[in-house]
Every structure is written in structure tokens, then in C-alpha cells.
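Thanks for coming, everyone. Please take a look at the structure on the screen before I start.

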Amino acid sequence: MIRTGARKRSILLAAAMLSAAATTLAAGDKPLTFVDLMRFSQIEDAVMSADGTWIAYTLVPDRGDGEVVARSTVDGTEVRIERGSAPEISRDGRWVAAAITPTLQAREKAESDKKKKAKGSDEDTPKTGLSIVRLADGDQTRIDEVESFAFSDDGRWLAYKMYEAKGDEAEDDAADEAKQPPAAGEGVEPEEEAEEKDEKLGTVLRLRELAGGSEIAIEYVAEYAFAEKAAILAVSVSAPDGEGNGVRLYDRRGEVPSEQDLHTALRGRYRELSWAEEVVALAFVAAIDDEDGEPGDAEVFVWTGEGEARRVASKADAPEGFTVPSANELTWSRDGRRLFFGFKPVSDTDADADADAETEKGEGEGKGEGEEAPFDPYDVAAILEGRGVDVWHWKDPRIIPNQKERWEEFEKDRVYRAVVHLDDGRVVALADLAMPEVEPTDNPRFALGRSDLPYLREATWNGQFADLYAVDLGTGERRLAARRLAGGWDAPTGSLSPDGRWVLTYSDGDWHLFDSAAGTARNLTADLPVSFADEDWDYPADPPGYGHSEWLADGSAVMIYDKYDLWKAPASGGAPVCLTAGRGRDAQVVFRIIDLDQENDTIDPSAPLLLSGYDDRRKHDAFYSLPPGGELVKLIGDGGHRMQVLAKAEAADRLLFTRERYDEFPDLWTTGLGFEAPVRLSDANPQIADFAWGSAELVEWTTADGTPLQGVLIKPGNYQPGTRYPVLVYYYRFFSDRLNLFNEPVVNHRPSFPVYASSGYAVFLPDIRFEVGRPGPSAVKCLTSGVARLVELGIADPDAVGLHGHSWSGYQTAFVVTQTDIFAAAAAGAPVSNMTSAYSGIRWGTGLARQFQYEKSQSRIGGSLWETPELYIENSPVFFADRITTPLLIEFGDEDEAVPWTQGIELYLACRRLDKNCIMLQYRGEPHHLKDYANKLDYSIKMKEFFDHYLKGEPAPGWMTDGVPYQGK
């Protein structure tokens, strides 16, 4: 326990600040209010034209209506699209198109109506529109109620799909028809079924010739897609009663437009329009709907640029017990010679449904038309049809909540990948029930397969694992490349060489190469003098690696990383070579390859590499060039900014990048590949200069046990040396890397650094380094020593230090105040308070059990509740709530999908029983991070009022002094 003497309230300082706020302030002296913060914008969706002469991006205010800005990189000409979002620039650089979002007022009204469960049709939901801008003169065309749009590859054509239109007359007819009673003997179609059938209908799509503005309308379009390398539009048609359904091409390559039906069928269902990247080839899935609107067995068709579409896969090609489903996944190899698709098991439920239909047919025989069986109140089978039960079996591979969460996204329409070789028509099944996942690849010989099935049950407490296979595309045969790799696809566990022979994997702290031809593996890094495992890892699970970059295009080597440096690992033998010559480790600079060609997944061995270099000590970026066989050349980096390359122009040597620091918003910049004469292209928030933003600097200290630590100190605006200030501490794990990052300008569950800095606070972001089994005491050690350092530096008023954390740091905050009284106030958002009860809780967002978090992951206990019960108790705030002397504010959403919100109740009730100063804010219907803007603003205001009272001596508002009684709302 760390205890201090009685706190003193800085009344004079608070009074001085209040007085200063009442005077007229010069530019740069103003406090930043939450209303000011609402007006700040962020840049999203930044794109660059193929020739690098134009950029476009969305300016999104925290609250309000955004806009799209298109700007010339040549002369600075700007075009703005009111309420625009998600801009795209045509390939010829002549046009920009953007979605038009509804107004904030319309969006909030719709959300309010939804909350009130107001009745209304789709027309009550505000719809997006479309803006088309000619960049040469800024001429703009705006079109209402557009669902989506796309440019042709040559930039001459634009397709846009309308929302479903329901005219007044159609609505009136439908209403009149709904009022009529059904004729004798007619059934009433359920409303849900009718709506489902309506959803299958396509809507109007318009194809616009941009230069002249002429358009054609195509009715009942369900899907559409332009070819990657030609001005050809493919559409699938879904018309009323299925008449005219099919796939049609609109060829606009020549002077004379042409159209072609590739496939048509009554009640045909056409999905998954997919174009190859490097050749003109289209694939799609076709099925026939039955009278109930359900698709039968599907077929895969391919059109290769001329003639008719040909069937390339059907149920006849499937393994026994499988079929081709309509809901499928089509992926081309880049060269267009192979098409990946999926088979699906013919489920037992389908057979059961057929049997039930036959039974109903038999039971109906002998009954009159429309007759029903007499009601039997003791019919057990009929009664049980209304049951609602889930059976949780101890041997289930996945627990029931996880099964439910995965159903819609992963399992309902899961397919097992196969490939069709278009040169000879061979269909090869690749995945199956034993190895359910195979990753599509451009490799002509092999693909990577994955199976987590052997490890699903233990994922509850051990985390994710998977076996990795090399799968022969020609035969479907598979070879085990690595067993029990941590993380599955989510971790850098497998990479296939361009020739398909080698599989790169990481396990047990080293990189390994599996030779799929010989079936052997070798360790690439065991004999190297540096670690390839995470050197800062402080979790119970085995440390992951630092990842890898891409293979050389000739397949001779792959690029791998240690903490700092870049290594080239030869495939055929020999020791890896450090291409950065150890300069990263010597200077503690983290070198990483910047991928300038997102379309290509290999590295040209004859081209220079562009590297980022992050200084891990001083927290800033630089960019470097590394020529083949040469030495690093620094291109840019002034030692005070973070930078990020966003894009390279597809057909020009122009880059788009951002530059930022604590007091500089990450605006957009452009430069050449050598970063010569960079030019700023945006000024999203010039009002920053009006506010007392404060300044950020790095602080270093050592804990009592000798652990070196860093943190960021944000000094208040108008800082006066020698003056002590109230301090707000905000943290999680490693936050010192935020030294040169601009604080996200939004109102949310986190404290806004400039809001506090501009109103007289210092803000402190310390690093926390954990010991397994002691997460709570680790936080105490790091936080108390960090605060002591600020006091030693003359910055912190020792009687006015506040602590804020959310989620994992919410837990730490709740624990820390049971062990020390150095904090004048503390706010804990979504904290775990009792590890013994949280251990076997559920993360409802994923349906996963929480046990793995404690045994292997973030909560860092390192054993089960039965192996180490004392650690669960020793690290749980609720067991030490009697020691709390710090006023505590708890925040929770009562639909928190990550931390059970009952954890907040446990801590609140403990404090209440012990008569501790504790208030809990329950936000109704909210998840782990508040979503509703009113709630985000309310929490932000209450949080600041809370700290202003305890750290600055300002009067406490009524909700703090008297609470807010429930009044039926």
C-alpha cells in the first residue's frame, strides 16, 4: 500500500483559472470546449488519381454534415461536394463521384424513430444520393436515392444503382389490396415472407456516358460489376415472377455499343458476378428458385471474352454429399486461368424438410380442402414445437454463444473451397469437413489450407490454434506444413512462395520454411544472434513474432523482421542476411517495408525498397530508401513527426502521405518517390491555432525495482514554468508512442487531451509494463512511480492528480485505488472488478468465453481459477474495496459485449455497502464503447465535471451531490 497525507485543494488556482476564463482571450489562448470539439473534422477515404494529378477525400466532422474535397496536386484547384463521402476518381482523372449522405438532422430523426419503434416503410429511412463532378470546371450533377456506383476501367462510363422506388399509386394499390379480405379458401401470405420476396427483386441501374451525359436505364438489376480491364458492364437481373432473369453484358469498348445475354432462365437466381483481374473473363453462379423462392442446386458459369458463357462446375462435380450452393464465393487467380468457388454439404436439415413435406402430404390425404386437424391440448409433439432451448454440451467444439455469433457471418453459408482449371476444365475439391478453409491464391501449384478443428474446444481457455497445410491445386492432396500454429489467419503464421514450393511459418520464437516438394522443414532463424519473438511480450501465452513482408518475385527469398531490422531469408539454403545491417537495433529504429504496389504481392528484387523507420526511443518517423545491394539512405524525417504513406499513384511516381504530431493534425501531403519538396494538400482544422492546445514531451523514469519506463507529458496551454498543475493520467499499456500523434478530435468515452490541456490540466500518458500473475500490482508500480516523477519535475500538484482508464485500464484504475490514495479522483470505464466471477463470463460480442483472457491473454493471470485461485483474488479490486479512499466514478453500458456490466454492479455495491464515495453511470442500451452521441457527450461532460470538482475545486453538480432518482424514463 502507498499512502500519503491529507490532500489540499487548490482553491486559489481554481479561482484564478475561472477568472482567466472570464476575460477576453487572444488567439491561441482559448479553452477548447466540447462544442468546439464537435466542429473538428477528420480525413477519411483519401484517394489519388492514377496519374497523381488529383486527390479526393472526405472531411468528416465529429458532429454535423461532412463534405468531399477534390484537389489538384498541380495547381491547387479545389472542388467541394456538400455532404459527400467515399469519393472515387475515374481512371482518366477527369471525374470524381461521391455518395451524398443524408443530413445529420435526417439521420438523427430516423434513429429517434427507430428507438421509438415508429412504424414506417423503407422510405422513412434516409437514403444516400450521388454527386458526379467534372474536374475540369467543377460542374456537378447530383442525383437522389442512389444506392451504389462504379466507374468503368477507362473512366468513360459510370453505373449507378437506384434504391427500390415505390410510387404513390403502387402504395395506394397495395394498401387497398391489403384492406380486402381473402377470398374463400385463400390463405394469407405472412408479411415476413412477402417482404423477403420483395427483397429479391432488383432495382433500376443507370449506365451513364460521362462526356455527353446520356444514359440508359436497366430494370431489375440485382448485382452489377465492371470488367477490370475493359469497358464492359455485367448485370444480373431479378424481375417480378422471375420473368427475364439472367446475366447480361453491356459492351462499351468500341464506338458501337452492344448488349449480350449470357444466360437467362425463368425464376433464375444469378449471383457473385466476378471479373478476372488481368484478362477479360467473367464468372457467376446460377440457380433456379422453386415456387417458394428458394434456390435449387446451382451451377458456376464462365465467359471468357467472346461467345457464350459455359458451365464449369455443378453438383455433378461435387464430392459425394456436397452440392454447389447459390450463396457462394468466387475468386479468380490473377491470370484468369483458375477460378475458386465453393461446395456445400447437402445438410441433414434439407433431407428432414423433404421428409416433413412428404409427411404433411400424407397427413393431408382424406381431408377436405382447407381443413385442419382438430386441436388436441395433449399432443406432446405439437406442444414441443414451441419450445425454446439451447443445449450446452461439455464436448461441444464451440460453446453455444460462439456458435450463435458465428452463424450468420461464417457458418450459415459456409462453403468448402474448390478450384476449376479453365485450361482443361478439371474441377478439384480442396477443402472438406476435416480441413474447412483454403485460401485462394495466384500460385499455379499450391494453396494454403487451414484447420482449427483439433483445437476448438481448448480455445475456450487456451486461445486460437490451427494446423497449416500445403494443398496441391492439381490433385487436392495436402501435406501438413506446420502443426498447432497460434492465431490462425489472424496472426502471421503462413506465407506461400510464388512458385508454391515453400511455406513460411512462425512458431516457438523462430521462422521456419516447409518444403512442400520434399515434405521437410528447417528453422531459418535459430542460429541468428537476435530474437525474432516479441521482446516486449508480457502475456502468459508464447510470444508472437514481428511478422514478415513479401517474397521476392522470383521466389528466391522472403523478407522477415526482428524488432528493429529487416532480414532476407533465402529459400534454398544459407543464413538470412540483415539488409539494414543492424542499424535498426543499434539506433533502436524499427525498419519496415512500405508496400507501394497493393495489386502485387511480391517484391521486385531489382527495385529499391522504400522503408519506414520509427525511432522507438524518441517516437518519430523517417523514410529511407534501400537499393538492391546498397545501404540505407534517409529521405525525410525531421525528428518531430509521425508519418504514414497512404497511397502511390498507379501510373505515376507520386505519393500521398500524412504528417502529424500532438499539435499538428495529420493533413495530406504529396511528394515524389524521393520525398523531394513535399507539398501539403489539406488544411482540415485551421482553428487549432485558436486554442491553448498545450505541448507534448517525453518523460522517462525508473521504478523502484529498476524497470525503465517512458510516458508522454502534455503540458497545459499557456504553461508557466514553476507552476504546479492538476494532472489527468490516462493509460492502457504502452502509450509513450503517442508523443507525436494528434489526439483524435472526437467526443467519446475517452478524455480529449486538448480539452483538458486547454483548461489548465497537464495530461500524462505513462507506459505500463506487466508481470504475469501480477497485473494489478504492476499497474500500481508503474503509475505511482510515474506520478512521483511528475511531482519531482515540479509539474504535478501532488494533491490534484486524477486517474482515468477504460476497459483493461478501467480494471487497472479500479485496482489501483484499492492500493494507494495518491489520486484525488478516479474514473473507471467498463472495469472488471472481480476476476473470480469474470473468469467464466462470456464476451457476448463474439460469444467466446473469457477464460482464455486470464489464462493466456490480456488479464495475465497465467493459470486457471482452480490452479491459482489466490492470484484471481489478489488481483481483484472488489476484495480490497474496503481500502478505497479515492472518489470513484464507474461507467458501463448495460449491453456491454466485452465485459459483463455486472462487474460494475459488483464494485458499486461493494463501495455502497462500505459507504465509499462511488457513483456508477449506467448507459442504457450501450455497448463497451458508447455509440449514441448524446451518451458520449453526457459522459464526457460528467467526467470533466467530476475531475474539475476533485482536482480544481469547482462546485459539484447535482448529479454528484444528490444523485438522479428514477422517474419512469
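I'll walk through the overall make-up, then aromatic rings, a helix pair and a few single residues.

One thing up front. This is a predicted model. Keep that in mind throughout.

Let's start with the whole chain. The secondary structure comes to 19 helices and 55 strands. The chain has 969 residues, and buried residues make up 50% of them. Now look at contacts with a separation of 6 or more. Residues 24 or more positions apart account for 56% of those contacts.

Next, aromatic rings. How do we describe a pair of them? We use the distance of the centres and the angle of the planes. How many aromatic pairs does the structure hold? The count is 33. I'll show you two.

Take Phe40 and Phe691. Their ring centres are 6.2 Å apart, and their planes meet at 50 degrees. An angle over 60 would count as edge-to-face, and one under 30 as stacked. This pair is at 50 degrees, so it is tilted. Where do the two residues sit? Phe40 is in the loop between helix 2 (34–38) and strand 1 (41–48). Phe691 is in the loop between strand 45 (679–680) and strand 46 (695–702). They are 651 residues apart, so this pair links distant parts of the chain. Are these two buried or exposed? Phe40 has 1% relative accessibility, so it counts as buried. Phe691 has a relative accessible area of 7%, and it is buried too.

Now the second pair, Tyr839 and Trp866. The rings are 5.6 Å apart, centre to centre, with 75 degrees between the planes. That makes the pair edge-to-face. Tyr839 is in the loop between helix 14 (835–838) and strand 52 (842–843). Trp866 is in the loop between helix 15 (851–855) and helix 16 (869–874). Here 27 residues separate the partners. Check the accessibility. Tyr839 is buried, with a relative accessible area of 1%. Trp866, at 63% relative accessibility, counts as exposed.

Back to Phe40 and Phe691 for a moment. Ring pairs link them into a cluster with Phe665, Trp693 and Phe742.

Rings can also have a charge over them. The charged end of Arg406 sits over the ring of Phe410, 4.6 Å from the ring centre. Arg484 lies over the face of Phe465, at 4.0 Å from the ring centre.

On to helices. Find helix 12, residues 775–792, and helix 13, residues 808–816. They pack with their axes 9 Å apart, at an angle of about 80 degrees. What do we call that arrangement? Angles from 65 to 115 degrees count as roughly perpendicular. Helix 12 and helix 13 are therefore roughly perpendicular to each other. Who makes the contact? From helix 12, we have Pro775, Gly776, Pro777, Ala779, Val780 and Leu783. From helix 13, we have Trp808, Tyr811, Gln812, Phe815 and Val816. Sort the contact residues by type, and you get nine nonpolar, two polar and no charged.

Now some single residues. Trp511 lies in strand 31, residues 510–515. It has 0% relative accessibility, so it counts as buried. Trp511 and Leu524 are 13 residues apart in sequence, and their C-alpha atoms are 5.5 Å apart in space.

Next, Asp565. Where is it? It is in the loop between strand 34 (557–561) and strand 35 (566–570). At 2% relative accessibility, Asp565 counts as buried. Leave out residues up to four places away in sequence, and Asp565 still touches several others. Among them are Cys578, Thr580, Phe591 and three arginines, Arg583, Arg585 and Arg592. Val530 is 35 residues away along the chain, and its C-alpha is 9.8 Å from that of Asp565.

Last, two backbone angles. Arg267 has a phi near 60 degrees, a positive value in a residue other than glycine. Arg267 is in the loop between strand 15 (258–264) and strand 16 (268–275). Its relative accessible area is 32%, so Arg267 is partly exposed. Asn718 also has a positive phi, about 60 degrees, and it is not a glycine. Asn718 is in the loop between strand 47 (708–715) and strand 48 (725–730). At 44% relative accessibility, Asn718 counts as partly exposed.

That's my tour. Thank you.

Definitions and conventions: Residues are numbered from 1 along each chain as its sequence is written. This is a predicted model: local features need pLDDT of at least 70, side-chain atom pairs count only at pLDDT 80 or more; totals for chains, interfaces and linings use all residues. Side-chain values use heavy atoms; hydrogens and water are left out. Rings of Phe, Tyr and Trp (its six-membered ring) pair if their centres lie within 6.5 Å; planes under 30 degrees apart count as stacked, over 60 as edge-to-face and the rest as tilted. Helices (H or I, at least four residues) and strands (E, at least two) are DSSP runs, numbered from the N terminus. Buried means under 20% relative accessible area, exposed over 50%, partly exposed in between (1.4 Å probe, protein chains only). A charge sits over a ring if NZ of Lys or CZ of Arg is within 6 Å of the ring centre and within 35 degrees of the ring normal. Axes are lines fitted to C-alpha atoms, for helices over the stretch in contact, and angles run from 0 to 180 degrees between N-to-C directions. Angles under 35 degrees count as roughly parallel, over 145 as roughly antiparallel, 65 to 115 as roughly perpendicular and the rest as oblique. Contact means heavy atoms within 4.5 Å. Ala, Val, Leu, Ile, Met, Phe, Trp, Tyr, Cys and Pro count as nonpolar, Asp, Glu, Lys and Arg as charged, and the others, Gly among them, as polar.
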